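I opened a new notebook page for this chain. My plan was to look up the fold, the salt bridges, a few single residues and the surface charge.

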Amino acid sequence: MDPVTVLKALLAGVSAAAAVTLVAWPRLTGPDPFTERIRKIERGKEETRPLRTIRPAARQEDALVKRPRKVFQAIVDHFDLARQAEDAGVSRKLKLAGFRGQAPLVTYLAVRLMFPFAIFLVLAVYIPLIVRPSIPFGAIMLLSAGFGSLGYFAPDVYLRNRMAKRQREIARTWPDGLDLILISVESGMSIEAAFRKVAAEVGPQSKALAEEMSITVAELAFLQDRRQAYDNLAERTGLESVRSVVTSLIQSEKHGTPVGQALRTLAKESRNARMNEAERKAAALPPKLTVPMIVFFLPVLFAVILTP
């Protein structure tokens, strides 16, 4: 078999795996809580639920105390990958993606090191035994090594995608949470009670934001420096809107100034920013539809008009 046939077989296998993953992904991830709640509202079956604090922080506590697997820990210790993680800022990326504790860090470093070798071994066995091309064995090994080298970047691509998805989820729900914080503060609640209220209310819309608020409430209760708790919230989310609110809260507690007016201004800016983002996406839709309309719509239209 020539290299073109081998490449076609590999692309066909990758396409089949991607198609199966795409079809099975909704069943693997489960239903979206926000979508399910909207459906309940549309059907008119949503009942008034009691006010209770959602405690996603318990899951985070389990993640913090969970120990990494011994195999992964041995690999990280043997190759001294922890120092490489500190230099590359992997811990911060994992926090932005929602992974906390030592176990996710060790797993990520070990998988990133093992993945290229795993892909190389799979292709080195699959191509000669299943595809059986008519190319030299050295070319097969070179092709397997090329695809295997791409496996080193696969965990980082997954981590970046998860980071972007989580930040979009938090940014979408943050204006609503900020409005609720403003209402709670102006009604006489403390910041801890306001954050706890947000964690209880925004859970169905954004689990990530509810988790961050719950962790911040716990840090405000246990850390000696409250400023550190606010800074940790801004660092875990990585959003400029959250950083602005954190700065206002820190200045308010430092100088004793009322925080209501600052929160009102920031809440208005967050709502405007969300509306501007929606308008920007709506304005970008017609240019994106131009090429599909030319490729798929116009030929059919011309065929219907000219064929009779």
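My entries follow in the order I made them.

**Entry 1: the model and its fold**

I noted at the start that this is a predicted model. I looked up the secondary structure first. I found 14 helices and 0 strands. Reading from the N terminus, I met one α element after another, in the order α-α-α-α-α-α-α-α-α-α-α-α-α-α.

Next I checked burial. The chain has 308 residues, and 31% of them are buried. I put the accessible surface at about 19,900 Å². Carbon and sulfur atoms own 63% of that surface.

Then I turned to contacts. I took those with a separation of 6 or more, and 70% of them join residues 24 or more positions apart.

**Entry 2: salt bridges**

How many salt bridges does the chain hold? I counted 15.

I looked at three of them in turn. Arg166 pairs with Glu212 through their side chains, at 2.3 Å from N to O. This pair ties together distant parts of the chain, with Arg166 in helix α9, Glu212 in helix α11 and the two positions 46 residues apart. Are these two partners buried or exposed? I found both Arg166 and Glu212 buried.

My second pair was Arg274 and Asp176. Their closest N and O atoms sit 3.3 Å apart, and I logged a salt bridge. This pair also links distant parts of the chain: Arg274 belongs to helix α14 and Asp176 to helix α9, 98 residues apart. I checked the cover on each partner. Arg274 has a relative accessible area of 32%, so I listed Arg274 as partly exposed. Asp176 comes out at 33%, so Asp176 is partly exposed too.

My third pair stays within one helix. Lys197 and Glu201 form a salt bridge at 3.8 Å, N to O. Both lie in helix α10, residues 191-201. They are 4 residues apart, about one turn of the helix. Lys197 is partly exposed because its relative accessible area is 23%. Glu201 is partly exposed because its value is 21%. I kept the cut-off beside these two: buried means under 20%.

I then asked which residues are joined into one network by salt bridges that share partners. The members are Arg100, Arg166, Glu212, Glu219 and Arg236. The Arg166 and Glu212 pair I logged above is in this network.

**Entry 3: Thr216**

I went back to helix α11, residues 207-222, for Thr216. Thr216 has a relative accessible area of 0%, so it counts as buried. What does Thr216 touch, leaving out residues up to four places away in sequence? I listed Phe195, Ala229, Leu233 and Arg236. Arg236 was already on my page as a member of the salt-bridge network.

**Entry 4: Pro155**

Pro155 took me to helix α9. At 11% relative accessible area, Pro155 is under the 20% cut-off and therefore buried. Setting aside residues up to four places away in sequence, I found Pro155 touching Tyr108, Val111, Arg112 and Phe115. I took the spacing to Phe115 as well. Pro155 and Phe115 are 40 residues apart in sequence, yet their C-alpha atoms are 8.5 Å apart.

**Entry 5: Val125**

I placed Val125 in helix α7, residues 102-131. Is Val125 buried, partly exposed or exposed? Its relative accessibility is 48%, so Val125 is partly exposed. The cut-off for exposed is over 50%. From Val125 to Met141 I read 9.8 Å, C-alpha to C-alpha, across 16 residues of sequence.

**Entry 6: the positive patch**

Last, I looked for charge on the surface. Which residues form a positive patch? I wrote down Arg162, Lys165, Arg168, Lys281 and Lys288. Two helices each supply at least two of the patch residues: α9, residues 154-186, and α14, residues 260-306. Helix α9 gives the most, with 3 residues.

I checked one member more fully. Arg162 is in helix α9. It is partly exposed because its relative accessibility is 35%. A patch residue needs over 30%, so Arg162 passes on that count.

**Entry 7: looking back**

Helix α9 kept coming up. It holds Pro155, Arg166, Asp176 and Arg162.

Key
Residues are numbered from 1 along each chain as its sequence is written. This is a predicted model: local features need pLDDT of at least 70, side-chain atom pairs count only at pLDDT 80 or more; totals for chains, interfaces and linings use all residues. Side-chain values use heavy atoms; hydrogens and water are left out. Patches are made of residues with over 30% relative accessible area and no salt bridge: like charges are joined within 9 Å, nonpolar side chains (Val, Leu, Ile, Met, Phe, Trp, Tyr) within 5 Å. Accessible areas come from the Shrake-Rupley method with a 1.4 Å probe; for residues, only the protein chains shown count as cover. A salt bridge is a side-chain nitrogen of Lys or Arg within 4 Å of a carboxyl oxygen of Asp or Glu. Lys and Arg count as positive and Asp and Glu as negative; His and the chain ends are not counted. The place of a charge is taken as NZ of Lys, CZ of Arg, CG of Asp or CD of Glu. Buried means under 20% relative accessible area, exposed over 50%, partly exposed in between (1.4 Å probe, protein chains only). Contact means heavy atoms within 4.5 Å.
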